[in-house]
Amino acid sequence: MRVIAWLVEGTWPACVDAVRAHAPDTSQVLLLHVSGAEVPGVAHGAFAGLLGRGHRERDPGDRLTDLGGTSAAELLDAAAARLGRPCTRLERSGRVEREVVAAAEDADLLVLARDGDRDRLGPHSLGPAVRFAVDHAPCPVLLVWPEAAPALTTLPPPPPTPPPPPRHR
């Protein structure tokens, strides 16, 4: 069985714990972190637009890319230590939701965590990237709460029942 755990800052421990609890010990586990290209791209553009195109060595976008790579490596190392069994680590960058779906192409299970409103049950508990991955994953998905799930009392009330149609005599 090939299991991919999509790791995101703040919610990754729940994904690793779900792999430990639900994936057989013989599973091939891939710990995946995806960095979006948006922030370094904005910094590159701002630097070029405001300060000119010279002095490439001072471009803040390059520094942000380096910091992101270091942060991702540390996250993957911490996740591997928490998992406590052999695994592969993979860092990708690009459109996050599409990179996750592409990585899951040959997977038997994709594990990911809710990233939206975690105070109540419902569809708003999924942010856009997680919603995309859930909707487009080419394999079964295990969706976990990063902390204890909210109580059932947080469900919104049901819509009102429409009146019955009039009876004709």
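**Exercise 1. Classify arginine 118 by its accessibility, then find its salt-bridge partner.**

Solution.
- Step 1. In this predicted model, arginine 118 has a relative accessible area of 28%.
- Step 2. Buried means under 20%, and exposed means over 50%. Arginine 118 is therefore partly exposed.
- Step 3. The partner is glutamate 147. The closest N and O atoms of the pair are 2.8 Å apart.
- Step 4. Place both residues. Arginine 118 sits in the loop between E4 and H5, and glutamate 147 in the segment after E5. The pair therefore ties together parts that are 29 residues apart in sequence.
- Step 5. Check the partner's accessibility. Glutamate 147 has 39%, so this residue also counts as partly exposed.

**Exercise 2. Compare the salt bridges of arginine 89 and arginine 85.**

Solution.
- Step 1. Recall the principle. Side chains of opposite charge can pair when their charged atoms come close.
- Step 2. Take arginine 89. Its partner is aspartate 77, with the closest N and O atoms 2.4 Å apart.
- Step 3. Locate this pair. Arginine 89 belongs to strand E3 and aspartate 77 to helix H3, so the bridge ties together parts 12 residues apart in sequence.
- Step 4. Read the accessibilities. Arginine 89 is partly exposed at 45%. Aspartate 77 is partly exposed at 41%.
- Step 5. Take arginine 85. Its partner is aspartate 25, and here the closest N and O atoms are 2.9 Å apart.
- Step 6. Locate this pair. Arginine 85 lies in the loop between H3 and E3, and aspartate 25 in the loop between H1 and E2, so the bridge ties together parts 60 residues apart in sequence.
- Step 7. Read the accessibilities. Arginine 85 has 14%, which is under 20%, so this residue is buried. Aspartate 25 has 67%, which is over 50%, so this residue is exposed.
- Step 8. Widen the view. The structure holds nine salt bridges. Asp17, Arg20 and Arg82 are linked in a salt-bridge network.

**Exercise 3. Describe the sheet: its strand order, its edges and its twist.**

Solution.
- Step 1. Write the order. Five strands form an open sheet, E3-E2-E1-E4-E5, with parallel pairing.
- Step 2. Find the edges. E3 (88-93) and E5 (141-144) each pair on one side only, so they are the edge strands.
- Step 3. Add the twist. It averages 20° from one strand to the next.
- Step 4. Zoom in on one pairing. E1 (residues 2-6) and E2 (residues 28-35) run parallel and are joined by five bridges. Arginine 2 stands opposite glutamine 28 in E2.
- Step 5. Add a helix. H5 lies across E1, E4 and E5, and runs at about 160° to E4.

**Exercise 4. Which residues of the largest nonpolar core touch the most other members, and which elements supply the core?**

Solution.
- Step 1. Start with the trend. In soluble globular proteins, nonpolar side chains tend to be buried together.
- Step 2. Name the residues. The largest core has 21 residues, and Leu7, Val19, Leu31 and Val111 touch the most other members.
- Step 3. List the suppliers. E1, helix H1 (12-22), E2, H3 and E4 each give at least two residues.
- Step 4. Pick the main supplier. H1 provides the largest share, six residues.
- Step 5. Look at the second core. It is separate and has 18 residues, including Val34, Ala103, Leu126 and Ala137.
- Step 6. Return to leucine 7. Beyond residues up to four places away in sequence, the residues it touches include Trp12, Val16, Leu31, His33 and Leu75.

**Exercise 5. Is serine 125 buried or exposed, and what does its side chain reach?**

Solution.
- Step 1. Find the place. Serine 125 lies in the loop between strand E4 (109-113) and helix H5 (128-136).
- Step 2. Use the cut-off. Its relative accessible area is 1%, which is under 20%, so serine 125 is buried.
- Step 3. Trace the side chain. It makes a polar contact with the side chain of arginine 114 at 2.4 Å. It also reaches the backbone oxygen of glycine 122 at 2.9 Å.
- Step 4. List other contacts. Leaving aside neighbours within four places in sequence, serine 125 touches residues including Asp115, Asp117, Arg120 and Trp145.

**Exercise 6. Set the sequence separation of alanine 78 and proline 13 beside their distance in space.**

Solution.
- Step 1. Locate alanine 78. It lies in helix H3 (residues 60-83).
- Step 2. Classify it. At 31%, alanine 78 is partly exposed.
- Step 3. Put the two values together. Alanine 78 and proline 13 are 65 residues apart in sequence, and 9.1 Å apart from C-alpha to C-alpha.

Notes. Residues numbered from 1 in each chain as written. Predicted model: local features only at pLDDT ≥ 70, side-chain atom pairs only at ≥ 80, totals over all residues. Heavy atoms only, no water. Helix = DSSP H or I, 4+ residues; strand = E, 2+ residues; numbered from the N terminus. Buried < 20%, exposed > 50% of the residue type's maximum accessible area, 1.4 Å probe, protein only. Polar contact = N/O pair within 3.5 Å; in protein donor to acceptor, adjacent residues only side chain to side chain. Contact = heavy atoms within 4.5 Å. Pairing = 2+ DSSP bridges. Axes fitted to C-alpha atoms, helices over the stretch in contact; angles between N-to-C directions. Core = buried A, V, L, I, M, F, W, Y, C linked by side-chain atoms within 4.5 Å. Salt bridge = Lys/Arg side-chain N within 4 Å of Asp/Glu carboxyl O.
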